[in-house]
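Here's a quick tour of a protein model, written for someone who would rather poke at the coordinates than read a long preamble. Have a look at the structure first, then read on.

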Amino acid sequence: MAKVIKKNEKITRIILYIFLTAAIFLTFIMLKNIITPVYGSINSIHWIPVDAKLLNASIQTTTTPRNSSNSTVYTYYGPLITYQYDFEGANCIGRRVWWVEGTDNGPLGQLAYKFKAYHKAGKPIRVFVNPDKPCEAIADRSVHWSKLTTSVVMLFVLLLFGGGIIYLLLKTRKKL
């Protein structure tokens, strides 16, 4: 009987380690999704604003799949642009809009429609150019806190989940 309990405890610990590994991996992904735009925004404070010609502007759409438990389909929008600018004698073409690519129904969706209207009207957009690397630019260097909220909440849940797993691992360790 004691042998079966020891074996079950070993299996439980292995499963907990697997879940802990997954939680740590997902935590790093969430941290990257939070740190990248914040760091990028801080890093680009001294980048030079330059007018750029929109060569192309379209709207990327992402639609959630319909499944048996959820019949609602959500569509998210994001900008896909190509712009050209001159900076200190360099003629550059850029595509970067924000620090993390993606779609949403908030700021990125609004930018997509704004860029499409600017392209249609032939109006230039303002991009921010890295003075140390003239062909590195970004069209929107701001931090969209509404977009980061989901990542922060998921990070908090993952930290609680990982903390719970560590507690269980320590608790089962004392029994051994």
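What follows walks through a pocket, a surface patch, a salt bridge and a couple of single residues.

Keep in mind that this is a predicted model.

**The pocket.** Let's start with the largest pocket, which has a volume of about 170 Å³. Its lining is made up of Q60, P79, L80, I81, R95, R96, V97, W98, V100, E101, G102 and L108. Sorted by class, that lining splits into seven nonpolar, two polar and three charged residues. Which element gives the largest share of the lining? That would be strand 2 (residues 75-87), with three residues.

**The patch.** Over on the surface, I24, F28, L31, I35 and Y39 make a nonpolar patch of about 520 Å². One of these residues, L31, sits in helix 1 (residues 2-43). L31 has a relative accessibility of 31%, so it counts as partly exposed, the range for that label being 20% to 50%.

**The salt bridge.** How many salt bridges does the count come to? Just one. The partners are R126 and D51, and their closest N and O atoms are 3.2 Å apart. R126 belongs to strand 4 (residues 125-130) and D51 to strand 1 (residues 48-63), so the pair ties together parts that are 75 residues apart in sequence. As for solvent, R126 is partly exposed because its relative accessible area is 44%, and D51 is also partly exposed, at 45%.

**An odd backbone angle.** E88 isn't a glycine, yet it has a positive phi of about 50°. Why is that worth a glance? Most residues other than glycine have a negative phi. E88 is found in the loop between strand 2 and strand 3 (90-94), and with 67% relative accessibility it counts as exposed.

**A long-range pair.** R173 and K10 are 163 residues apart along the chain, while their C-alpha atoms are separated by 9.9 Å. R173 lies in helix 3 (residues 145-175). Is R173 buried or exposed? At 57% relative accessibility, R173 counts as exposed.

Here are the accessibility values in one place:

| Residue | Relative accessibility | Class |
|---|---|---|
| L31 | 31% | partly exposed |
| R126 | 44% | partly exposed |
| D51 | 45% | partly exposed |
| R173 | 57% | exposed |
| E88 | 67% | exposed |

To tie up the salt bridge story, both R126 and D51 fall in the partly exposed class, whereas E88 counts as exposed.

Notes: Residues are numbered from 1 along each chain as its sequence is written. This is a predicted model: local features need pLDDT of at least 70, side-chain atom pairs count only at pLDDT 80 or more; totals for chains, interfaces and linings use all residues. Side-chain values use heavy atoms; hydrogens and water are left out. On a 1 Å grid over the protein atoms alone, a cavity is a set of points where a 1.4 Å probe fits but cannot get out, and a pocket is an open set with protein on both sides within 12 Å along at least five of seven lines; lining residues have an atom within 4 Å of a point. Grid points are joined across faces, edges and corners, and a volume is the space filled by probe spheres set on the points. Helices (H or I, at least four residues) and strands (E, at least two) are DSSP runs, numbered from the N terminus. Ala, Val, Leu, Ile, Met, Phe, Trp, Tyr, Cys and Pro count as nonpolar, Asp, Glu, Lys and Arg as charged, and the others, Gly among them, as polar. Patches are made of residues with over 30% relative accessible area and no salt bridge: like charges are joined within 9 Å, nonpolar side chains (Val, Leu, Ile, Met, Phe, Trp, Tyr) within 5 Å. Accessible areas come from the Shrake-Rupley method with a 1.4 Å probe; for residues, only the protein chains shown count as cover. A salt bridge is a side-chain nitrogen of Lys or Arg within 4 Å of a carboxyl oxygen of Asp or Glu. Buried means under 20% relative accessible area, exposed over 50%, partly exposed in between (1.4 Å probe, protein chains only).
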